[in-house]
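Biologist: I'm new to this one. Could you pull it up so we can go through it together?

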Amino acid sequence: MTTQMRLRGGSRDVDYASSSQVRIQLSTRDNDISLPKNPGPLLVNTNLRRYALSTLVNHLLKTEKPIPFEFLINGTFLRTTLDEYLTSRGISSEATVPLEYVRAAIPPVYKTSFMHDNWVCSVDVLSVTSPAAKWVGNARIGFNQERVISGDYDGLLRVWDMTGDVLAVSRTVREGGPVSALKSVKFISPTQIASCGMDGVIRLWEYTEDAENLTASLSPQIELCGQRRVIESIAVHQPSSRILSASGDHTVGVWSTNASEAPNPPEELRPSHRGNKRQKVQPSTTPQRGPLALLESHTAQVADTIFAPNDHTVAYSVSWDHSLKTWDLPTSTCVDTRSTTAVLFATVSMPNLSLVAVGGTAGHITLIDPRDSTTTVSAMTLRGHKNFTFSLATDPDSAYRLVSGSADGTCRVWDIRSSTTDKNGKVGASVECLQRESGKREAKVFGVCWDKDVGILSASEDKFVQINGGAKVEARIPRGH
Amino acid sequence: NIDPESLLPKLPSPEELRPFPTMCATKFLGHEGRVRSLAVAPSGHWLASGGDDGTVRVGELTTGHQVWSVQLEKGEAVNVVRWRPGTEAKVLAAATGEDVYLISPQIADLNKEVATKSREIIDAGWGYAANGAKSNTKKEPATQWVRPGSRLEGDGVLVKFSLRKTVKIISWHRRGEYFATVSPQGQTNAVAIHTLSKHLTQLPFRKLKGLAQSAQFHPSKPIFFVATQRMIRSYDLSKQELLKIIQPGARWISSFDVHPGGDNLIVGSYDKRLLWHDLELSVRPYKTLRYHKKAIRAVKFHQGGLPLFADASDDGSLQIFHGKVVEDMMENASIVPLKVLRGHQVKKELGVLDLDWHPREPWCVSAGADGTCRLWT
Ligand SMILES: [Mg+2]
């Protein structure tokens, strides 16, 4: 049965006499915006564009406030009229066109940048919706009270407010702080931060703010040591007090944030704080603990590790040995290995799709289903970066979107519903490409983070943390610094 | 009429011979003036370089971030840097002018364990040579290995010794116990072999004919290769005798490298030639390749099991080749040009001065007269 609907193409004047019609079949993968009952094929004018189709879907959904939608036809976003799309693809208007509608994403427009003295490796956010706030049930992060942390090659951990002021900074080398570059920084809770880096030590910091006196402090709590080389990345899970670390010594470290639970570290790996290089080495006065386990199976340096999003007893890790490994943490065993063709630097899990994305020197991002028992390794590849992928993060607003930070100086946003199929299988192209506002071309992006409230944060060789956010933060973050 | 070209066996296309480096992934900045030499650490994580500014620098290979540097001698170029093989320690040998240094770079990830091991390896020979210097039989005094002074020692430069002429080549034995140096102007002292654990310098090639250019240990046998301007001689180290005289036919050899299998070698020359020798086949080249417009400065095989080799030229480019050594004695090596890597600028007639391969990956690095190092992936 065909329903006839007469729609005007937005505010344009439509010449109905010359326009033909086509059948469309609407669908979506998001349950909360799916149509109550399948309307079947709809006959619409071929001169319709996205806006008119979005109006149509809102009409069918009987929405009170219109939701802007975008439309995918066979994995490609509709950017023209239906007619122009069908003509360019050589599709007969006799056929029924499948139209998948998705919530239109707000373009991540540039907001602001935070300047550092050296290359920035890593960035994380504390907001109401960030994991570290949700874990402790702390919703007291008010309007404009989000916090950003960054780690740089000078080894400095900084806490920023949203106006770009530094609220606290870890001790410098001159003050007896560690020499080592910080490769990864993470909020564990609103009052606890973890950092790691070149010296192979994970440091836990207590972070406190005194609103009355407008002061903030960052004080060392515990040093976790036991891996023998640089720690490129850490993952934290506050409810289970667990930390995972990816080390250049080929191991994945499993640690506890709870000092009473952890063993003493091996004596030869206890960190000592080298002051200035001509100063005497001073022993650290911070309590030190060793690993709960060092997971061995990778045959080259491990570059990134994460907890499985729906099960904190499972971990994933990627390595220079080209593989993605799945770990069962209670038994410390590697339960699955997937090999790719290149060195891997980054991984992120897309929980609702049971896919793990991995990126590295290959230039493309590979999506792998680690539960898939078939021999097919790659479920999809995302192509567009012209150099290494150093970092990956998922969109907190969409199960289908992720962002990547690359050595080509860009961050790319991907929607895996947007794909085509070629001889190598499913291939996706990016839907957004974020440049460096510093103007430094090809400044490598080492770290990315995507927060529901703040937006996309990227840490780069250009010495800036750059924030590209959705529309709702626009009024709150002043541009420039 | 048969086109003679059609009778030749068809070479596989480069596409079928992936992976090999195709693009510049990372640029390393910092050196002022020419970068003369570079080497990827055995771990594959660090890149060491030395240049006209007299500094040795270590950078993170994939990001290009400099993590350590030292000024050896002001106004004297660092001509060569080479890592000691093995991953249990981080030991770097470097030469500037007539001086050779052994360094434990103070990289932040150098935890106490590695730092201690590196220091132990470099310092093992103290006291040894003072007693056992008899091997230098001539009147001249034995080469003294000494501390380089507190400034350098504070930076991890732990040992220094001086030879008689400018050192251009350092070449380690695979086990990291011996290394050879070449001082082309050194006449009878041109080639020296050093024993690390004894801080001992020996000069075994007193009667070398011609100016020495380069030297290398055989990858598995007690054989040593020495290149002069026109010939490469191989010597049996245990019997102390000449084995072979390899004749590439080049007018002036700049560099050579021995295939990890030990039976093939490549030679680069200032007269723009790249020559492949199958040592079992002949003392003459099996193949002569002329692709560059200017002198070839460096040639190197991939050492980690990939059938790749490359050369670096003053025309500013590197050329990547597939070079597969076939097990079958009746079959010859297959050599296919794969890719020309361009990016370095030519400065005062000088282009790419050195190259190295990653120990496992199909990546190479290059040192340019333009002051940059580059990682190609
Ligand atoms: Mg043969």
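Biologist: Where is the place of Lys272(B)?

Modeller: First, the ground rules: this is a predicted model, where local features need pLDDT of at least 70, side-chain atom pairs count only at pLDDT 80 or more, and totals for chains, interfaces and linings use all residues. Residues are numbered from 1 along each chain as its sequence is written, chains are lettered from A and ligands numbered from 1 in the order written, and side-chain values use heavy atoms, leaving out hydrogens and water. Strands here are DSSP runs of E, at least two residues, numbered from the N terminus. In chain B, Lys272(B) sits in the loop between strand S19 (264–269) and strand S20 (274–278).

Biologist: Is Lys272(B) buried or exposed?

Modeller: Buried means under 20% relative accessible area, exposed over 50%, and partly exposed in between (1.4 Å probe, protein chains only). Lys272(B) has 34%, so the label is partly exposed.

Biologist: How many disulfides are there over all chains?

Modeller: The test is a pair of cysteine sulfur atoms within 2.5 Å. By that rule, the count over all chains is zero.

Biologist: Which cysteine sulfur is nearest to that of Cys364(B)?

Modeller: Cys364(B) is in no disulfide, and this residue is buried at 1% relative accessibility. At 9.9 Å away, the nearest cysteine sulfur is that of Cys24(B).

Biologist: What is the phi of Ser332(A)?

Modeller: Ser332(A) is in the loop between strand S25 (323–328) and strand S26 (333–339) of chain A. Ser332(A) isn't a glycine, yet its phi is positive, at about 55°.

Key
Helices (H or I, at least four residues) and strands (E, at least two) are DSSP runs, numbered from the N terminus.
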